Amino acid sequence: MYGAGNIGRGFIGQLFSESGYEVTFIDVNQDIVNKLNKDGKYPIGILSETGCSEKIVTNVRGVNGLDIGMVAGAIAQADIMATAVGVNVLPKIAKPIAEGLKKRWKSGRNDPLNIIICENLLDADRFLAECIKRELDEDEIPCFEKLVGLVEASIGRMVPVMTPEMQEGNILRICVEEYGELPVDKDAFKGEIPQIRNMLPSGPFAFYIQRKLFIHNMGHALTAYLGKLKGYSYIWEAIGDPVIRVAVSKAMQNSAKALSIEHGVELKMIQDHVDDLIYRFGNKLLGDTVNRVGNDVNRKLSPNDRLVGAASLCAAHGIDPANICLGIAA
C-alpha cells in the first residue's frame, strides 16, 4: 500500500488486511513506519450517526518511502498493490515503482502485478503509466504492458483529518465513515481478478470515475466553498444550512442528469446515490472541515476537475449548470 495516510490506512489497507493479505505500507513519515513495525496493527474508528465502533487492522508493517531499495524489495514481492499518495505526489513514486518492477522481473516473477490507483484524477491509469514508462528501459516496456495492470478506483469513503483528540494517543488511529465499497475498473486487471473484501469490479468504468468526481467531489467542494462564505467551520454545519443544501442538491442533480445521458445509466440509481451522499455529508461525528475539503483550490478549479468539469459536462448535454457555477464563483 503506497501511502499510509487517510485512504491508505483508513480504507485500502483495511480491505487488504481483511482479505487475508499481509499489508506493507510505504510512506515517508518515519514515525508512522516505526509505529507500524512496532505494533503490527492499528485501530480504525467507524463513525456513524449512532456512534463509534472500533476495528483493529492486523498483519501490517511499514517501509520508509525514502529507502528505494526497501521499497523496490516490497514491490518485487507483492501480490497486489495500491497507491493513495495524492495526485501531486503520483509522479514522484514512479521511479521507486519502476525499480520494484525491475527487481521483480529479474528475480523471475512473471505473474501479473495489479496496482489499484486511488487518486482523484481522470485517466489516472494513463498518467501513471506514462510516468513509470519514462523510468523503464526500452526493452522493459513490453514486459510492463503485459504484466502490470493499472486499475482505476472510485474512492467513496470519507476520512477526515485526524486531530490529536481523535488519535487518542496513537498516531496510527484513524476515523472513517461506515461506507466501505470500492468500485474498480474490472477491464484493467491483468490475469485473475483478486478477491478483495468490498471490491466491486465494474465496467465500463468511466461512469464510476466521473460519478465520483462530478457528483461526490463536486458536491463536497460546493458545500465547503459556500459554507466558508457563510462562516461555517464544518461540512455538517454547511450542509445543514437550508440554502446551501438546496444549492448543493440541485448542482448534484444536474450532474446526475448529465451523467445519465452521457453513459446511458438509469437516472434514479444516480439520484439515489446523490441522496445518500447528502445524508453522509451531514455526519457530525466525522468532524470534516470546510478548510480540508476546500483546499488545493487551483487544482479543484482546473478544466477537467470536479467543478468546471461537471459544469462542462452539463453544458454539453444542454443542462444549465447554474448551481455548479455558484460553487466556482464561491
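I looked up arginine 299 and read a relative accessibility of 22%, which counts as partly exposed. The model is a predicted one. I then checked which partner arginine 299 has: its side chain meets that of aspartate 296 in a salt bridge, at 2.7 Å from N to O. Aspartate 296 is also partly exposed, and I noted a relative accessible area of 31% for this residue.

Next I turned to helix H2, residues 30-39. I found a salt bridge between the side chains of lysine 35 and aspartate 39, with 3.1 Å from N to O. The two residues lie four apart in helix H2, so about one helical turn separates them. I noted 23% relative accessible area for lysine 35, which is partly exposed. For aspartate 39 I noted 29%, again partly exposed.

I repeated the lookup in helix H4, residues 94-106. Here lysine 95 and glutamate 99 join their side chains in a salt bridge, and I recorded 3.9 Å from N to O. The cut-off is within 4 Å, so I kept this pair. Lysine 95 and glutamate 99 are four residues apart in the helix, so the separation is about one helical turn. I entered lysine 95 as partly exposed, at 44% relative accessible area. Glutamate 99 went down as partly exposed too, at 26%.

Last, I looked beyond single pairs. I found Asp79, Arg104, Arg109 and Asp111 linked in a network of salt bridges. For the structure as a whole I noted 22 salt bridges.

Key. Residues are numbered from 1 along each chain as its sequence is written. This is a predicted model: local features need pLDDT of at least 70, side-chain atom pairs count only at pLDDT 80 or more; totals for chains, interfaces and linings use all residues. Side-chain values use heavy atoms; hydrogens and water are left out. Buried means under 20% relative accessible area, exposed over 50%, partly exposed in between (1.4 Å probe, protein chains only).
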